[in-house]
Amino acid sequence: MDAIRTEGLTKHYKVGFWRPRPYVALDNLNLSVGQGEVFGFLGPNGAGKTTTLKLLMQLIYPTSGYAEILGKPVGDVAVKQRIGYLPENPYFYDNLTAEELLIYFARMFGCSASEGRARASRLLDEVGIGAERRFQLRKFSKGMVQRVGIAQALINEPELVFLDEPMSGLDPLGRREVRELILRLRDRGCTVFFSSHVLSDAEALCSRVAIVAKGRLAASGSLDELTAVGSRGWELVVSGLTPDVLKRLMPRLTRATPLGDGRYSLELPPSTAPEPLIAELCGARVVSLNPLRGTLEDVFVEQVKATGSGARLMEKVAS
Amino acid sequence: MGTKPVRKHSPLLWVYLVVLLATGTTMQVVLEGRLQRPAAKPGVHWIQSPGLMRRLTVGFNAIWADIYWIRAVQYYGDTKLSLDEKKEYDQLYPLLDITTSLDPYFNIAYRFGSILLSEGYPNGPGNTDQAIALLKKGIREQPNKWQYYHDAGFVEYWWRQDAHAAAKWFLEAASKPNAPNWLEPLAASVLAEHGERDASRALWSTLKETAEHDWIRKAAERGLMQLDAEAHIEILEPYVQKFFDKYGRFPKGWQEMTGGPERWLRNLPRDPAGYIYQLDPVTGSITVAKDSPLFPLRRRIRG
Amino acid sequence: MRAIAIIAGGVFRDSIRDRIGYGLVFFSIMLMASSFLLAQLTAGQDVKIIKDLGLAAASAIGLFIAIFFGIGLVTKEVERRSIYSLLSKPVTRTQFVLGKYLGLVMTLLINLSVMAAAFYGVLLYLDFTTLDGAKVAWEAPALDPRMLKAFALIGVELMLITATAIFFSTFSSPFLSVAMTFAVYIIGHFGEDLKNLNAIVKSVVLPYITKGVYYVMPNLTALDVKSAVVHGLPVSGSSMLLATASCLVYITTLLVGSILIFSRRDLK
């Protein structure tokens with residue numbers, strides 16, 4: 001059983017008051033996420049990531065299509081016992097303290113007050129909220145609210161967690177901590193579905209990703225699959241390179257970066273074979289030669305460009 | 001070389017504040033003395049229509065009725081005490097009308113309102129039509145309240161001197177549930193002409209006994225004193241007539257009656273409130289003094 | 001059911017921590033206490049004005065809380081998006097609406113009880129300090145237990161207004177919701193005028209329309225027994241029950257409507 005499965009999931013909005021035109025937020029999304037995966041849901045701003053999450057949480061209703069969580073249609077109350085959700089830019093109840101919020105949510109899962117308190121305490125420790133847990137949420141900074149948000153998503157020890165931009169508002173230390181938390185969740189067997197537009201996080205964490213742009217699925221698969229498409233050239237590190245040799249070689253290079261100590265990092269485009277170049281080094285010595293693999297960023301930019309420009313534009317629905 | 005601590009505001013600002021406040025207050029006081037006090041009229045900004053008022057205050061009619069009642073009482077008092085040449089009570093009935101439209105069960109507004117409306121000028125508008133109209137309104141809302149019928153009869157009898165109409169009201173009052181048993185005898189004695197003053201006395205006395213409010217009780221006491229004054233005047237008049245018969249003119253003052261060889265009167269005649277009666281040297285008529293609290297006596301039925 | 005109770009408890013806790021709510025109740029108590037001053041002006045009608053003012057204050061403050069807090073119940077959660085995380089928990093939208101409603105009703109009834117206690121406190125003082133001779137003039141005793149009937153019906157009215165506020169707030173903006181809820185309150189109190197408009201306005205079509213409106217809308221004048229209890233007039237238990245039952249039907253209708261509308265709504 002897949003943790004998450006969507007079939008033809010589509011959402012149109014009507015925009016404009018006098019002559020409402022349909023606006024495609026999501027178009028025919030087919031996705032499946034297996035249990036135990038850390039799945040990255042990537043895309044530029046406005047691509048439909050948050051729309052997808054809201055459809056999965058049944059905060060909004062699809063125009064057409066179908067989605068399933070843990071084998072049951074979305075919105076199933078029994079399934080909600082087993083999942084957690086962190087919304088984008090979360091906001092909770094200002095006059096509650098962090099502790100009170102978590103206990104409030106814990107009780108909805110059937111925990112007693114004391115068990116709720118215990119879980120809240122544990123989770124607040126895990127997300128790095130110390131004595132501030134007794135303060136009202138109105139006093140919390142954005143980063144602290146984000147941490148509380150993560151804590152409330154985990155209050156019921158879920159099998160499947162949905163995180164919408166989990167790193168948002170966090171400083172580098174915080175991001176590192178969240179990354180480690182996600183890995184810990186994975187090790188516990190939890191499925192993690194997170195959306196982001198920060199690719200380095202996805203690269204570090206995900207087993208599989210999907211890239212959406214302009215409401216459509218542009219690419220999906222494991223990281224290896226996606227980045228293996230074509231070699232992107234070579235990196236040749238040399239030492240003892242004289243300036244006039246460098247000048248002669250420049251036309252065939254993408255880039256030459258001095259590394260100090262007379263060393264250079266030369267980037268060769270895919271079209272240039274490295275062997276003949278090495279032969280023309282005239283005394284400079286080869287330190288290393290490595291093929292350049294595509295980064296996720298490259299894949300991303302390419303795919304997004306392929307579906308049109310990254311900015312959202314109004315679009316008529318193809319009838 | 002120390003540094004001065006940074007102060008938030010110069011202390012001079014406080015001085016300015018105090019001076020300004022004092023100046024403002026002084027100017028107020030000066031202006032108070034110079035400005036003329038406005039007349040004690042309720043002003044046209046009060047809404048005049050009972051129906052509109054009732055709709056505007058939906059859900060909160062009772063409290064607005066109270067406000068209008070306070071307003072009516074204040075208006076009456078201010079007008080009565082004002083130093084105007086001609087006192088105008090024209091807003092009294094509209095205010096009472098609104099009060100009773102907002103709260104149709106506002107007992108005291110009907111009863112005391114009718115007393116205020118009937119009160120003779122200059123102590124009141126002396127408008128018995130309005131007084132009876134107000135009571136009739138109360139009767140429409142609570143047809144079984146004998147007190148309203150009784151009050152209407154009172155106005156007819158005391159102010160309009162219409163004994164027959166009064167008796168009809170008293171009899172109708174007597175037919176209402178819980179009516180006291182003195183209403184029928186009262187109606188009877190009202191109709192018996194020789195019993196006129198006795199009937200009045202009985203009316204005022206029972207009102208005094210059963211009055212629910214201090215103010216009504218005081219009004220009743222005053223009425224009784226006025227009756228005594230009337231009786232007193234009736235006793236004095238023959239003596240004045242005797243003087244006329246002897247001297248061919250009316251006395252110039254009471255001294256001529258208390259002094260002189262005949263000594264018709266022993267002391268200067270005073271009304272029950274203690275004020276000396278007024279004797280008109282031209283017509284010979286005797287009335288209570290203008291500054292007596294019993295002024296004015298109603299027009300008397302002779303006989 | 002448990003979810004409803006938890007959400008209701010949350011609303012109640014919110015209201016306790018809300019300074020505005022406190023201020024309003026405090027203000028109404030101050031108003032009642034200060035009615036003593038006004039009583040001096042009424043030519044012997046002191047008990048009446050104190051009672052009138054107390055009942056009016058309780059009703060007005062309750063109304064204010066019911067409308068403004070009632071509308072905020074749903075709209076604040078949706079606008080600020082705290083509802084996103086809430087609905088990801090095992091809570092349905094139905095339970096959400098009902099929990100919010102019951103929470104505010106609970107708050108209102110407790111506020112009303114506090115105001116009733118203060119009310120009787122003020123009257124106790126009046127009773128204590130007034131001479132027996134003056135009490136003869138009172139149409140009803142100061143500590144008249146029948147006034148609780150007025151409080152009870154004010155409570156029912158507030159429950160209805162709260163349901164109305166929630167209903168409008170599920171589909172329209174806060175400003176419009178406030179305006180429409182007020183309109184329901186005012187129309188509900190016009191009562192007789194609507195039914196008999198043809199006596200006032202010279203029109204053929206309009207009286208039919210308003211008569212229809214009169215029968216569809218709740219008749220709030222049936223719940224307004226303030227004047228009757230102050231004057232010591234009888235208020236029959238059966239009429240109270242009937243008015244309450246009819247209001248309960250309206251409340252249920254409004255809540256069902258709210259749930260239907262809210263369940264189908266996209267929460268942007």
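**Notes on how chain C meets its neighbours**

1. Let's start with one pair of helices: α3(B) and α3(C) pass each other in a left-handed crossing. Keep in mind throughout that this is a predicted model.

2. Here is the geometry of that pair. Helix α3 of chain B covers residues 61-81, while helix α3 of chain C covers residues 46-80. Their axes come within 8 Å and cross at roughly 140 degrees. Angles over 145 degrees would count as roughly antiparallel and 65 to 115 as roughly perpendicular, with the rest oblique outside the roughly parallel range under 35, so α3(B) is oblique to α3(C).

3. Which residues make this helix-to-helix contact? From α3(B) come A62(B), I63(B) and D66(B). From α3(C) come K48(C), I49(C), D52(C), L53(C) and A56(C). Sorted by class, the contact has five nonpolar and three charged residues, and no polar ones.

4. Now step back to the whole contact between chains B and C. It takes 20 residues from chain B and 24 residues from chain C. On the chain B side, at least two residues each are supplied by α3, α5 (107-118) and α11 (214-247). The helix you have just met, α3(B), gives the most to this side, with seven residues.

5. What is the make-up of the side of chain B that touches chain C? Its residues divide into eleven nonpolar, four polar and five charged.

6. Chain A touches chain C as well: 20 residues of chain A are in contact with 18 residues of chain C. Two helices of chain A, α2 (77-80) and α3 (98-108), each supply at least two residues of that side. Here α3(A) gives the most, with four residues.

7. By class, the side of chain A that touches chain C comes out as 15 nonpolar, three polar and two charged residues.

8. Last, the domains. Chain A is divided into domain 1, residues 4-227, and domain 2, residues 234-291. The C-alpha centres of these two domains of chain A lie 46 Å apart.

9. Chain B is also split up: domain 1 runs over 58-221 and domain 2 over 234-287. How far apart do the C-alpha centres of domain 1 and domain 2 of chain B lie, and what is the figure in Å? They lie 36 Å apart.

Definitions and conventions: Residues are numbered from 1 along each chain as its sequence is written. Chains are lettered from A and ligands numbered from 1 in the order in which they are written. This is a predicted model: local features need pLDDT of at least 70, side-chain atom pairs count only at pLDDT 80 or more; totals for chains, interfaces and linings use all residues. Two residues are in contact if their C-beta atoms, placed from the backbone, lie within 7 Å. Ala, Val, Leu, Ile, Met, Phe, Trp, Tyr, Cys and Pro count as nonpolar, Asp, Glu, Lys and Arg as charged, and the others, Gly among them, as polar. Axes are lines fitted to C-alpha atoms, for helices over the stretch in contact, and angles run from 0 to 180 degrees between N-to-C directions. A crossing is left-handed if the near helix is turned anticlockwise from the far one by less than a right angle, and right-handed if clockwise. Domain bounds come from an automatic or database domain assignment.
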